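Student: I would like to go through this model with you, one feature at a time. Where shall we start?

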Amino acid sequence: MDTLAEEPKLSPETERVGLDSRRMVNAALVVMIFFVLSRASGLVREMIVGARFGTSAEYDAYLAAFRVPDLLFQLAAGGALGSAFIPVFSGFWLKTDKREAWLLFSRVLNLISLLLVGLGVVAAIFAEPLVSNVLAPGFTPAQQQLTVSLMRPMLIGSVVFGASGLIMGALNATQHFIAPAAAPVLYNVAIILAALFLAPIYGIYGLVVGVVAGSLAHLLVQIPVLLKKGYRYQASLSVRDPAVRKVAVLMGPRVLGLFFVQMHFLINTILASSLGAGSLSALNYAWLLMLLPQGVIAQGIATVTFPTLSAQAAAGQIDAFKRTFERALRVVVFLVLPATAILLIFRRPAISILLERGAFDTESMILVAYGLQFYMIGLIFHSMLEIIVRGFYALQDTWTPVLIGILAMVANIGLSFLLVGRLSFGGLALANSLATMGESLVLLWLLNRRVPGRLNWRVLTPALVKMAVAAVLMAVAAWAWGRWVYLNVFLGDALPVNDDWLTALVGVPVALLLYLGVLWLLRSDEWRETVALVRRRRGTGEQS
């Protein structure tokens, strides 16, 4: 029987794999392009789905049905598996002989697939009591039955995503990011096509077909790259393998943390099911809009930073680890702060331009804008968490972020019950933002204590203060412009274009220029680094 018990010994050449900061920046730019495509296709998906179903009761049922398949995937695979698998797999991948790395991959793949199939069968059998007694007790009987019939076929996608998520982790660990980053785009395209061509015929069931087809596309686009890397399937199910056990041990805390995260989403679904038709849909649209900048910026940077952080920590290069972490955190804040200000101040025009058509009417826009304002409070902290948590995982410390995350989710759930009666579904969004703020700040403080020599706060603090000042001034200017446009429309003055488009087309670029201008006046390092990066890449392109 093959074994993965030995710790890999790294040569000087392999120690440098993934440690080149310029390679990391270039990879981040490529991945961010695909993250932009993913979020753009996701936005198009929501525009088409919104035009077809709006904030309707059947779309509420579709979203509720999604909860159980997503719960199974997140707990059995998802982020828990990736964060535990990548550090262990990376250690074996850096060795000259890759067979042990692929043996580990096959064993984990087989175990996860069997687990998801078993859980999916159980969920399908007990779908009716699960929906009526736990998931959506506030739905009408007809909505509950619709939720059951939608949930069962969606469970197929959970199994497929389990395998696909593991492949993403393996490819990222081998410094290949393009196929994993392209996979979500194909998933969104499948749902878009289903919404366009199947939903008019089969209604909400057409979207379910798109979900299953999209999960298959998500998997199939990555398989050719996996095979090119040298992978060959092995039918091995060893649970005694030390490396498999190490992955399981590292997964354990993360699974526990994700359980509480999913409990938060489950509580949201339960509470929103009793708030009237459209509440769950509006909350979902607001959540997805908040995730647009978080996904494009923070997840893109964190995805390519994590393997580098893991390699630096494994090689004992703590100073390099700290520099990589600090740079990633500063860049995330630099890019997310203006997005936060723009989406908060211009939320109504943005929602109107993006979603208001077909079944998504003005009432739907008002509902989504109400929830979005509370979610935007937590956007910067959601984004920072992407980097902070990966810092702990790279150090193979999974318990600290999980324990703090559990406390944050308990606070989130408690705040949800406290605020929902006063703010309706807006209280659910505010509870999430407040809990995430506390979680990110506590984890950053603990990571600072965890890293030898502490983080360089003499650089971080002034940088964060400068960016905060620029963002506040930008928000004030954006609010003043939006107010001027509103008053002119209210007073009946003729405007050259639609007021929403005028607010966005003029307000957004002016606000961004003000943000960059203030940072330039404050001699922001982030501003100078961005300009230098653009010039360096342009110069390289001209020479090539």
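Student: Which residue forms a salt bridge with Arg-107?

Tutor: This is a predicted model, so the answer is a computed one. Side chains of opposite charge can pair when their charged atoms come close. For Arg-107, the closest N and O atoms of the pair are 2.1 Å apart, and the partner is Asp-241.

Student: Where in the chain do Arg-107 and Asp-241 lie, and how many residues apart are they?

Tutor: The pair links distant parts of the chain. Arg-107 sits in helix 5 (residues 99-125), while Asp-241 belongs to the loop between helix 10 (223-228) and helix 11 (242-272). Both Arg-107 and Asp-241 are buried. Their separation in sequence is 134 residues.

Student: How many salt bridges does the structure hold?

Tutor: The pair of Arg-107 and Asp-241 is a salt bridge. Glu-46 forms a salt bridge with Arg-45, with closest N and O atoms 2.9 Å apart. The number in the structure is six.

Student: Is Glu-46 buried or exposed?

Tutor: Buried means under 20% relative accessible area. Arg-45, its salt-bridge partner, counts as buried at 15%. Glu-46 has a relative accessible area of 8%, so Glu-46 is buried.

Student: Which helix holds both Arg-390 and Glu-386?

Tutor: Arg-390 and Glu-386 form a salt bridge, the closest N and O atoms being 2.7 Å apart. They are four residues apart, about one turn of the helix. The helix that holds both is helix 16 (residues 379-394).

Student: Is Arg-390 buried or partly exposed?

Tutor: The cut-off for buried is under 20% relative accessible area. Glu-386 is at 16% and therefore counts as buried. Arg-390 has a relative accessible area of 22%, so Arg-390 is partly exposed.

Student: What share of the residues in the chain is buried?

Tutor: The chain has 21 helices and zero strands. Of the contacts with a separation of 6 or more, 85% are between residues 24 or more positions apart. The chain has 544 residues, and the buried share is 54%.

Student: Which helix gives the most residues to the largest nonpolar core?

Tutor: The largest nonpolar core has 153 residues, and those touching the most other members are Phe-85, Phe-89, Leu-104 and Phe-105. The helix that gives the most to this core, with 18 residues, is helix 12 (residues 279-314).

Student: Which residues does Phe-85 contact, leaving aside its neighbours within four places in sequence?

Tutor: Phe-85 is one of the residues that touch the most other members of the core. So are Leu-104 and Phe-105, and both are in contact with Phe-85. The full list for Phe-85 is Leu-104, Phe-105, Val-108, Leu-166, Gly-169, Ala-170 and Val-247.

Student: How far apart are the C-alpha atoms of Val-296 and Arg-39?

Tutor: Val-296 lies in helix 12 and counts as buried, at 15% relative accessibility. Along the chain, Val-296 and Arg-39 are 257 residues apart. Their C-alpha atoms are separated by 6.6 Å.

Student: At roughly what angle do the axes of helix 6 and helix 7 cross?

Tutor: Two packed helices are described by the angle between their axes and the distance between the axes. For helix 6 (residues 127-135) and helix 7 (residues 141-173), the axes come within 9 Å. The axes cross at roughly 130 degrees.

Student: What does that angle make helix 6 with respect to helix 7?

Tutor: Helix 6 passes helix 7 in a right-handed crossing. The contact includes Leu-130 and Val-131 of helix 6, and Val-148 and Met-151 of helix 7. An angle over 145 degrees would count as roughly antiparallel, and 65 to 115 as roughly perpendicular. The crossing angle makes helix 6 oblique to helix 7.

Student: Which residues does Ala-475 touch, not counting those up to four places away in sequence?

Tutor: Ala-475 is found in helix 19 (residues 457-490). Its C-alpha atom is 7.5 Å from that of Ala-511, 36 residues away in sequence. The residues Ala-475 touches are Ala-341 and Ile-345.

Student: What is the phi of Ser-424?

Tutor: Most residues other than glycine have a negative phi. Ser-424 is in the loop between helix 17 (399-423) and helix 18 (425-450). Ser-424 is not a glycine, yet its phi is positive, about 55 degrees.

Definitions and conventions: Residues numbered from 1 in each chain as written. Predicted model: local features only at pLDDT ≥ 70, side-chain atom pairs only at ≥ 80, totals over all residues. Heavy atoms only, no water. Salt bridge = Lys/Arg side-chain N within 4 Å of Asp/Glu carboxyl O. Buried < 20%, exposed > 50% of the residue type's maximum accessible area, 1.4 Å probe, protein only. Helix = DSSP H or I, 4+ residues; strand = E, 2+ residues; numbered from the N terminus. Core = buried A, V, L, I, M, F, W, Y, C linked by side-chain atoms within 4.5 Å. Contact = heavy atoms within 4.5 Å. Axes fitted to C-alpha atoms, helices over the stretch in contact; angles between N-to-C directions. Parallel < 35°, antiparallel > 145°, perpendicular 65-115°, else oblique. Left-handed = near helix turned anticlockwise from the far one by under 90°.
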